[in-house]
Amino acid sequence: MDNKTQHSRINDALYEIHRDISVNLSARELAKVAAYSEQHFHRVFQQVVGETINTYIRRIRLEHVANQLMFDHNSSVLTIAEKCGFTSLSSFSRAFKIHFGTTPGQWRSTQNSSSEAPYLADPEISAGYQRIKNCSVPEPDIIILNSQHVAYIRHQGYGRGIRKAWLLLQTWANQEGITSAYHSLSNQAPTAERPIGQQIGLHHSNPAWVELGDCRYVACITIDKPLKHRGTVNSLTIPGGIHAAFNLQGRYGELLPWIGKILECWLPNSGYKLQTTPAFVHYRKNQFLASDDLFDVKLFLPISVF
């Protein structure tokens with residue numbers, strides 16, 4: 001079996017995991033999704049991803065718990081742990097301390113400040129943070145999105161290297177006759193659809209405390225139905241639901257600090273809680289492809305009142 005087929009099958013499993021990280025998925029179930037025997041699935045998953053399936057799921061759940069602890073000050077540690085898929089508080093606490101070197105309670109009380117964020121080690125992002133640090137967070141629209149099929153390429157790391165994923169995806173789209181669309185979502189309608197060809201970036205990691213090189217990003221283009229033929233480019237469905245939608249403009253280096261500011265300043269005082277489905281940006285202008293490094297995006301943050 002060639003590498004493209006292996007990556008495609010493992011991507012199917014990764015999609016199931018990230019669609020909602022709170023769902024309890026066994027290795028046997030994920031092996032069926034990837035069309036492997038369970039034993040072979042374990043080997044191929046580690047070969048493609050670089051971690052065992054159990055280590056990967058535990059890590060992304062712990063990262064999401066850490067995110068929730070920073071920005072949800074009203075829910076108990078137990079409530080947040082259960083929301084992120086942990087069923088035992090004692091085993092969760094042990095795993096959290098091993099991974100982060102501190103207890104969940106200490107992590108919450110410390111509330112790592114933006115000035116300590118790992119992304120500030122990147123000179124361009126640090127400069128972007130300085131440019132927007134005194135700006136006010138724009139008021140979001142609260143809208144309901146329908147689920148959306150997308151073609152995608154995964155990329156590890158938040159940085160200019162993301163451009164390679166976009167160029168590859170853009171080449172594929174041109175070959176498929178899919179042209180880029182930059183239609184704005186309606187702020188008036190109770191639901192919002194995205195037309196074919198729109199560029200979307202899924203942000204699976206919070207670079208306020210996850211090292212940039214370890215952050216996971218997915219470059220996506222909207223399509224009307226799942227792909228029949230897959231390889232380097234695969235397809236998934238972005239979950240719908242209630243989202244806070246923020247209009248953001250700027251230049252390269254400013255988007256990650258804007259996302260951090262929204263999570264730190266808007267979310268804790270909003271009355272909403274962050275959901276376990278991924279946040280994403282809809283690009284009206286993509287800084288990774290624009291010659292002037294400028295972006296014009298709408299950030300969609302999945303939220304609920306519970």
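In this predicted model, Cys215 is tucked away from the surface: its relative accessible area is 0%, so it counts as buried. Cys220 is buried too, again at 0% relative accessibility. Being buried doesn't make the two partners, though. The sulfur of Cys220 has that of Cys215 as its closest cysteine sulfur, but at 16 Å the gap is too far for a bond. A disulfide would need the sulfurs within 2.5 Å. The tally for the structure is 0 disulfides, and Cys215 takes part in none.

Aromatic rings are another story, with 14 aromatic pairs counted. One of them joins Trp166 and Tyr283 edge-to-face, with 5.5 Å from centre to centre and 85° between the planes. This pair bridges distant parts of the chain, since Trp166 belongs to helix α9 (residues 162-175) and Tyr283 to strand β9 (residues 279-285), 117 residues apart. Both rings sit inside: Trp166 is buried at 1% relative accessibility, and Tyr283 is buried at 0%.

Phe280 and Phe300 make a stacked pair, because their ring centres are 5.0 Å apart and their planes meet at 25°. Here strand β9, home to Phe280, is tied to strand β10 (residues 294-304), which holds Phe300, across 20 residues of sequence. Phe280 is buried at 1% relative accessibility, and Phe300 is buried at 0%. Elsewhere, ring pairs string Phe86, Phe92, Phe96, Phe100 and Trp107 together into a cluster.

Charges turn up over rings as well. The charged end of Arg9 sits over the ring of Tyr36, 5.0 Å from its centre, while that of Arg160 sits over the ring of Tyr252, 4.0 Å from its centre.

Note on methods: Residues are numbered from 1 along each chain as its sequence is written. This is a predicted model: local features need pLDDT of at least 70, side-chain atom pairs count only at pLDDT 80 or more; totals for chains, interfaces and linings use all residues. Side-chain values use heavy atoms; hydrogens and water are left out. Buried means under 20% relative accessible area, exposed over 50%, partly exposed in between (1.4 Å probe, protein chains only). Rings of Phe, Tyr and Trp (its six-membered ring) pair if their centres lie within 6.5 Å; planes under 30 degrees apart count as stacked, over 60 as edge-to-face and the rest as tilted. Helices (H or I, at least four residues) and strands (E, at least two) are DSSP runs, numbered from the N terminus. A charge sits over a ring if NZ of Lys or CZ of Arg is within 6 Å of the ring centre and within 35 degrees of the ring normal.
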